[in-house]
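Colleague: Could you take me through how one reads contacts between chains, domains and helices, and then the setting of a single residue?

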Amino acid sequence: MQKFTKEMVDDYADKLLIGLTEEENKMVLDEFGVIDATIDMINELPDIEKVEPMTHALDDFEYVLREDEPEESVPIEDLLANCDDHTDREVQVPRMVG
Amino acid sequence: MSYMDKSIEEIHEALKKGLVTSDELVKESLEKSHLVQEKCNAFVTILDDAKGTEVTDSLLSGIPYGVKDNYSTKGVLSTGSSNTLKDYVPFFSATAIDNLSKAGAVMVNKTVLDEFGMGGTGTTGHTGIVTNPWDKTRMCAGSSAGSAAAVAAGVYPYATGSDTGDSIRKPAAYCGIVGYKPTYGMISRYGLFPFASSLDHCGVLTRSVRDAAIVTDAMKGIDKNDMTSWNSKDVHLLEALDGNVKGKKLCYVKEICDINNYPNASDELKRHLENFMKTIDICKSLGMEVDEVSVDETLLKASPATYVVISCAEATSNMSNLTGFIFGPRASGDKWDEEMKNYRTKGFSPLIKRRFVIGSYVLQAQNKNRYFHNAQRVRRLLVDEWKKLFEKYDAVILPVGSGPAKKLEGSKDALDKNTAILEDHLQIGNFGGFPSITIPNGFIDGLPVGVNITGNCYEDEKTLNIAYALEGAMDYKGQVCKEVQ
Amino acid sequence: MNYKVLIGLEMHCEISKTKTKVFSSARNSFSETPNCNVRPVDMAFPGTLPVVNKEAVKMALMASMILGCSQPEYLYFERKNYYYPDLPKGFQITQETKPAPVGSYGMLTYECKGEKKTVRINNLHLEEDAASSDHYPSCSRINYNRAGVPLLELVTEPDFHSADEAVAFLEEMRSIYQYAGISEADSKKGQVRCDVNVSIMDKNLDESDPANWGTKVEIKNVNSFSGVRDAINYEIQRQIDLKEDGKYDEMPQQTRRWDEESASTIFMRGKVDAIDYKYFVEPNIPKFKISKEWLEEIRKSIPMLAHERKDMYMKNYGISEYDATILVKEKPVADFFEDTIKLGANPKSASNWITTNLLGSLNKMEITIEESKLTPSHLALLIKMVENGEISSQQAKGVFTESLETGKSPKDIASEKGLKQITNEGEITKIVNEVLDENPDIIEQYKNGKVAMVNYLVGQVMKKTHGTANPSLARDVMAKEIEKR
């Protein structure tokens, strides 16, 4: 099992498109140490692998699917009201390709 | 004469009798907002131009209230207490807020939270630390810090909150008020800025169980925009409060409540647990049976890490929409990913960034089973333990936290391996989507402490009724904090 | 060739036949106007939630059945997490193989150059499309109309051995999607996009043992069937060249992209740089039990597919295999044919008109049958008019052409032109005798044994009547009258 290292923390942060300071990096590792110890403990639980992971708060829940009925589009002024960079009706970003 | 420190029904009656107008209430609430803002820094926005509404038969009509700033509010700044959304003005309101508006409620301010609800101290919001109105050297806990402070300080009778781990129920305890999150899906999450979707609940902070019932009755309902919401038209929380709890069965968990589990217990903790046992005696005096039960200690100890793993994983994904492209202040950069990175690095607080890294790590293919799936498995085991308790008991009663509000100084919001399960057991209510309510049950050194009652899914009426009966047998109902020290 | 080629396909096809998107109630339709089919969730505004479209699920399950896949007991969705400006949420809601997607492990028979082939389907999943973007010299602009459009992604095993087979399979899938009413599957509209994986192995080895397979090269984003053909052929040759040069073993597993301009595949990334998508179950969509009853209902509602229609045309209408193949090649043509028959037209005549006249003319006009001004009711009417002898077949051709050009009813065209057929025996007898009177020498030749000269005389009758005489009646009368001379 590969351990979480300072370099890995920076790499993850980079992939998440966030920058971390040295201090923040260290805090991640400290906190992670606690998690890791707990996970070691969890792995000792008998038959843990056989338990079905719980993905939702309510497992027994029945619901209906949405009928295929359209709703009106949101007005363009509303869509772009909080956008700092747009041209005509579109959101603008630095060139994505090439 | 002030009204904002009274109960919803008292205020409603005064409005009906014409003793006061909705506009006057709004004025009073706004004045108090500014006072509390000065002392506690509880608000992101105070709506000085708020207007009263028509008084109808709806109990909430004409009465001011506060909204946690992670609820989307149409035309009103909604920041999630994050720099990433510091100027964001939504074009739609959360369903729960729309429901309150339909009931005639008047929003007067938006309250501070830990950034996107990801914290338990009330200190990580982008507008600064929220201080406890009972003692400004202490925290309110979080993340619904501003809502708790404002309700405790008598700014209005209620404010909305959200609860992913204990974000309503712990601040309520620290501020001496009532905090309630109903069964998962009873209140629509549409328009609530997500932290961890499978754990997030909308809820309310009030000064009495009745008020919590009244407000939740208005907020709840199935919503076509939230697939996890369900039809609760047969649930009538207020009507269900009859105070008759004779023969109801409660239990508390030995591994959490027994002082002997905490070898180096502080005096504060001892008194807190003694006070809890006094509350148990009151329950018994009301005709309820209360048993001490045992739960697998390994599972309990695994709970905090389970919570961190699941919530961080969901959070890192949920907040991937925060790019600065469509909303939020656009950062500079030559490439799109540079723009995004600058926006996120600058916009997020250190706490959140740490959690993203952890969430990302536990979801990586090579780590997912060991961390994420195992956490989801422990989640199920813990929920199953609680469901087993509910087969025999009507509710689980437990102390909230390890004592009164903690000092702000030296507070940190990191997972501490010495953290007792006492601090974190309320998460189990989120794991299972259980209805869960905190009410005040006394004071330690002049600071309030709370007790929590958690019932089985869909049994909100019964859970609230137990809390209601207990509240009636104690002296803390409707309490407003004394002068800020 | 000394090598065996193994090709697998990932075919992404937009579902174009739902009214709304897969997780949002915005319209699922193409528009020239950017950002005019957008609901809040399509741009990932904070607090918005996905809501699953029943019709999209129904169509996905139908496709799963047609492909012989098994359907899951519960419907789940997962998040595929990655950052790109065209992905507003920062994740795509899709399905992975665990939990089971809408379809697992199927098999499809298709025809390639007259030969029946089978391909194993690994899985079929329902997911959402990303936004579209336009690229300018210094920026890109994003249009969210396409964000959230339902997509079906089909993954085959590497069972194709040539570009021809792969393309024949894609044609078959296109036909299935069209006939099942799921999608137009029009690659010109960007509705179909493929990823192709290609590897080569020594001819003499056993391909059923994956250990013998060569190194897999994946080619991303091939957006037309001809592109698929070219990319495969290019890649096969590239890999063979590496083998011949002894460099094949150095080639790492990799992802390439098809560059249309240079007609070549270009290296994108190696295996070590593969993106970890951090999949996890979408918590905002509760697991949904797919009932047996619903599956049965869907199974019963599967429309007739191309090969079934073809069989029916041959069996019930006596149409030749050649013509039936033409009729079912494009669903709109088959629909036109069936609509015409439903209006009472003789199937064989309808087939003849469509295969010999209509398709050729449309081709010349460069329009599709859906754009044709001549409608099934026009064609049915025209066929009736000929059958009833109201106009002659020769006249009908002119009427057909005019109706196709103008969209006018054949009835109106015929009456405007004064077209009618002479079916009155007395009238024809009169003209026949006129012709006989004018051609005594022909009569003489006839009498001398040149019986074929009667054809010339009938031709004269047709000429005199500008083709309006009923030809068979004219022939009968001519035979009778010439004997009288």
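Modeller: Let us begin with the two chains, keeping in mind that this is a predicted model. Across the boundary between them, 46 residues of chain A are in contact with 57 residues of chain B.

Colleague: Which elements of chain A each supply at least two residues of the side that touches chain B?

Modeller: Helix 1 (6-15), helix 2 (22-43) and strand 2 (90-94) of chain A each do so, and the largest share, 14 residues, comes from helix 2 of chain A. Sorted by class, the side of chain A that touches chain B has 33 nonpolar, 6 polar and 7 charged residues.

Colleague: And how is the size of an interface often given?

Modeller: In general, the size of an interface is often given as the accessible area lost when the parts come together. For the present case I have kept to residues in contact, 46 of chain A and 57 of chain B.

Colleague: Turning to chain C, into which domains is the chain assigned?

Modeller: The assignment gives domain 1 (3-296), domain 2 (306-416) and domain 3 (425-484) of chain C. The centres of domain 2 and domain 3 of chain C, taken over C-alpha atoms, are separated by 33 Å, and the contact takes 4 residues from domain 2 and 4 residues from domain 3. On the side of domain 2 of chain C that touches domain 3, the residues divide into no nonpolar, 4 polar and no charged.

Colleague: Are helix 9 and helix 10 of chain C roughly parallel or roughly antiparallel to each other?

Modeller: One looks at the angle between the axes, with values over 145 degrees counting as roughly antiparallel. The axes of helix 9 (residues 376-387) and helix 10 (residues 393-406) of chain C come within 10 Å and cross at roughly 165 degrees, and the two helices are therefore roughly antiparallel. The crossing of helix 9 of chain C past helix 10 of chain C is right-handed. Helix 9 contributes His378(C), Leu382(C) and Val386(C) to the contact, while helix 10 contributes Ser393(C), Ala396(C), Val399(C), Phe400(C) and Ser403(C); by class these residues divide into 5 nonpolar, 3 polar and no charged.

Colleague: Finally, why does Pro50(C) count as buried?

Modeller: A residue is called buried if 20 or more other C-beta atoms lie within 10 Å of its own, and Pro50(C) counts as buried because it has 22 such neighbours. Pro50(C) is found in the loop between strand 1 (3-14) and helix 1 (54-66) of chain C. Leaving aside neighbours within four places in sequence, Pro50(C) is in contact with Phe23(C), Val41(C), Ile93(C), Asn284(C) and Ile285(C).

Conventions. Residues are numbered from 1 along each chain as its sequence is written. Chains are lettered from A and ligands numbered from 1 in the order in which they are written. This is a predicted model: local features need pLDDT of at least 70, side-chain atom pairs count only at pLDDT 80 or more; totals for chains, interfaces and linings use all residues. Helices (H or I, at least four residues) and strands (E, at least two) are DSSP runs, numbered from the N terminus. A residue is buried if 20 or more other C-beta atoms lie within 10 Å of its own, exposed if 12 or fewer, and partly exposed in between; C-beta atoms are placed from the backbone. Two residues are in contact if their C-beta atoms, placed from the backbone, lie within 7 Å. Ala, Val, Leu, Ile, Met, Phe, Trp, Tyr, Cys and Pro count as nonpolar, Asp, Glu, Lys and Arg as charged, and the others, Gly among them, as polar. Domain bounds come from an automatic or database domain assignment. Axes are lines fitted to C-alpha atoms, for helices over the stretch in contact, and angles run from 0 to 180 degrees between N-to-C directions. Angles under 35 degrees count as roughly parallel, over 145 as roughly antiparallel, 65 to 115 as roughly perpendicular and the rest as oblique. A crossing is left-handed if the near helix is turned anticlockwise from the far one by less than a right angle, and right-handed if clockwise.
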